[in-house]
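Work through these exercises with the sequence and the 3D view side by side. Try each task before you read its solution.

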Amino acid sequence: MKNRAVRFGVVLGGAMVVLTSCGSSKSPSMIDSKGNEAKHIAGVWWLMFTLAAAVYVVVAGFIVYAIRRRHSDQQEPQSDQADTGAQRFDDRMIVWGGVAVPLVILLVLAVVTVRTTDALRRPERNALRVEVVGKRWWWAVTYPTARFTTANEVHLPAGRPIELGLTSDNVIHSFWVPQLAGKLDMIPGQRNILRIRASAPGVYEGLCAEFCGVQHAHMMFTVIVQTAGDFDRWLAQRSQPPLEPASESAAQGAVAFNRLPCAGCHTIAGTQANGTLGPELTDIASRRDLGAGTVTNDPENLARWITDAPSLKPGALMPPIAMTGSEVQSIVAYLESLK
Ligand SMILES: [Cu+2]
């Protein structure tokens, strides 16, 4: 019985370590930090983990000790004198182990947490501003310096401080890139500031961390961190409107796009399409996913998405749209040309 309890404790402890530290490419771990802010947070996490593990080991030790003592007490009852001695020991343990030590641990954690939170909020000069608005269920991303908007992908330069302005025009969302920074709520009518400095180029997964409706689970995004040079080139290229459709089919697609309801909900820079209910499509061909991480962006998924988006993302606020086969073909060709 005693052994089983101990074994259970060890297994539970081990399982918790494994569960909290596991991460895959689509669900990254916050302790695998790749940015300044995430490193601070991971530091606090490790401190908490170490202290909690120490407390766990000590408490488990006492449980084993208590079980043993009761066993031996039953076999050979102690004298009265030994009993009062044990009582005094127990009282001291309650004062130290039950009050003094927890107080010190909580105090240390409080100080470290407050100092870390403070460090994360400190404004940095010449930070690059990027505005992100939480939508249902996708992300509008704007670069005010370049007057360029995109969706569901955030390009950032490595090593440079970034000021992300976060807000929402519907319900509350929460912006979270575990490997780069802590999560921060996106609240209608308020602009919260999240500071990020990514240490190295790479692709980092982000997600909505506040339940926001039926497709909350399909509200993901990608952060693409580039070298400063690559980023500047990307931004300069994005600031230009897309080229005129080159192929016959793409040109027909552009016409169909404006005739069908698409243009009322989507913007394509340099054209008459200027709707804002759906994601900007100016650079749709260069984006990795469709529907905020729901499916890969390839011609097949694109064709299915534009005719019946809710079949891929139930509840999506883009209605199924009736089109002829050739309209679908040409619109896909047009969207594929928007790089
Ligand atoms: Cu959300």
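**Exercise 1. Locate Asn152 and judge its backbone and burial.**

Step 1. Asn152 lies in the loop between strand 3 and strand 4 (153-157). Helices (H or I, at least four residues) and strands (E, at least two) are DSSP runs, numbered from the N terminus.

Step 2. Fix the ground rules. Residues are numbered from 1 along each chain as its sequence is written. This is a predicted model, where local features need pLDDT of at least 70, side-chain atom pairs count only at pLDDT 80 or more, and totals for chains, interfaces and linings use all residues.

Step 3. Check phi. Most residues other than glycine have a negative phi, and most peptide bonds are trans. Asn152 has a positive phi, near 60°, and is a residue other than glycine.

Step 4. Judge burial. A residue is buried if 20 or more other C-beta atoms lie within 10 Å of its own, exposed if 12 or fewer, and partly exposed in between; C-beta atoms are placed from the backbone. Asn152 has 26 C-beta neighbours inside 10 Å, so Asn152 counts as buried.

**Exercise 2. Is Arg147 buried or exposed, and where does Arg147 lie?**

Step 1. Arg147 sits in the loop between strand 2 and strand 3 (148-151).

Step 2. Phi of Arg147 is positive, about 50°, although Arg147 is not a glycine.

Step 3. Count the neighbours. Arg147 has 10 C-beta neighbours inside 10 Å, so Arg147 counts as exposed.

**Exercise 3. Which peptide bond leads into Trp137, cis or trans?**

Step 1. Find Trp137 in the loop between strand 1 (128-134) and strand 2 (139-143).

Step 2. Read omega. From Arg136 to Trp137 the value is near -5°, and the bond is cis.

**Exercise 4. Describe helix 2 and its packing on helix 3.**

Step 1. Check the length. The expected span of a helix is 1.5 Å times one less than its number of residues. Helix 2 has 40 residues, and 58 Å is expected. From first C-alpha to last, helix 2 reaches 59 Å, which is close.

Step 2. List the buried residues of helix 2: Glu37, Ala38 and Ile41. They pack against helix 3 and strand 8 (192-196). Two residues are in contact if their C-beta atoms, placed from the backbone, lie within 7 Å.

Step 3. Take the geometry. Two packed helices are described by the angle between their axes and the distance between the axes. Axes are lines fitted to C-alpha atoms, for helices over the stretch in contact, and angles run from 0 to 180 degrees between N-to-C directions. Helix 2 (residues 36-75) and helix 3 (residues 80-121) cross at roughly 175°, and their axes come within 10 Å.

Step 4. Name the arrangement. Angles under 35 degrees count as roughly parallel, over 145 as roughly antiparallel, 65 to 115 as roughly perpendicular and the rest as oblique. Helix 2 and helix 3 are therefore roughly antiparallel.

Step 5. Sort the contact. Helix 2 contributes residues including Val44, Leu47 and Leu51, and helix 3 residues including Ile105, Leu109 and Val112. The classes are 9 nonpolar, 3 polar and 1 charged. Ala, Val, Leu, Ile, Met, Phe, Trp, Tyr, Cys and Pro count as nonpolar, Asp, Glu, Lys and Arg as charged, and the others, Gly among them, as polar.

**Exercise 5. Show how helix 9 packs on its two partner helices.**

Step 1. The buried residues of helix 9 pack against helix 5 (248-259) and helix 7 (299-307). Among them are Ser330, Ile331, Val332 and Ala333.

Step 2. Start with helix 5. Helix 5 and helix 9 pack at about 105°, with axes 7 Å apart. That makes helix 5 roughly perpendicular to helix 9. The contact has 7 nonpolar, 5 polar and 1 charged residues.

Step 3. Turn to helix 7. Helix 7 and helix 9 pack at about 120°, with axes 10 Å apart. That makes helix 7 oblique to helix 9. The contact divides into 8 nonpolar, 1 polar and 1 charged.

**Exercise 6. Which residues does Val332 touch beyond its neighbours within four places in sequence?**

Step 1. Val332 is in helix 9. Val332 has 21 C-beta neighbours inside 10 Å, so Val332 counts as buried.

Step 2. Beyond those neighbours, Val332 is in contact with Pro299, Leu302 and Ala303.

Step 3. Compare Glu300, which is in helix 7. The C-alpha atoms of Glu300 and Val332 are 8.9 Å apart, and the two residues are 32 residues apart in sequence. Glu300 is exposed, with 10 other C-beta atoms within 10 Å.
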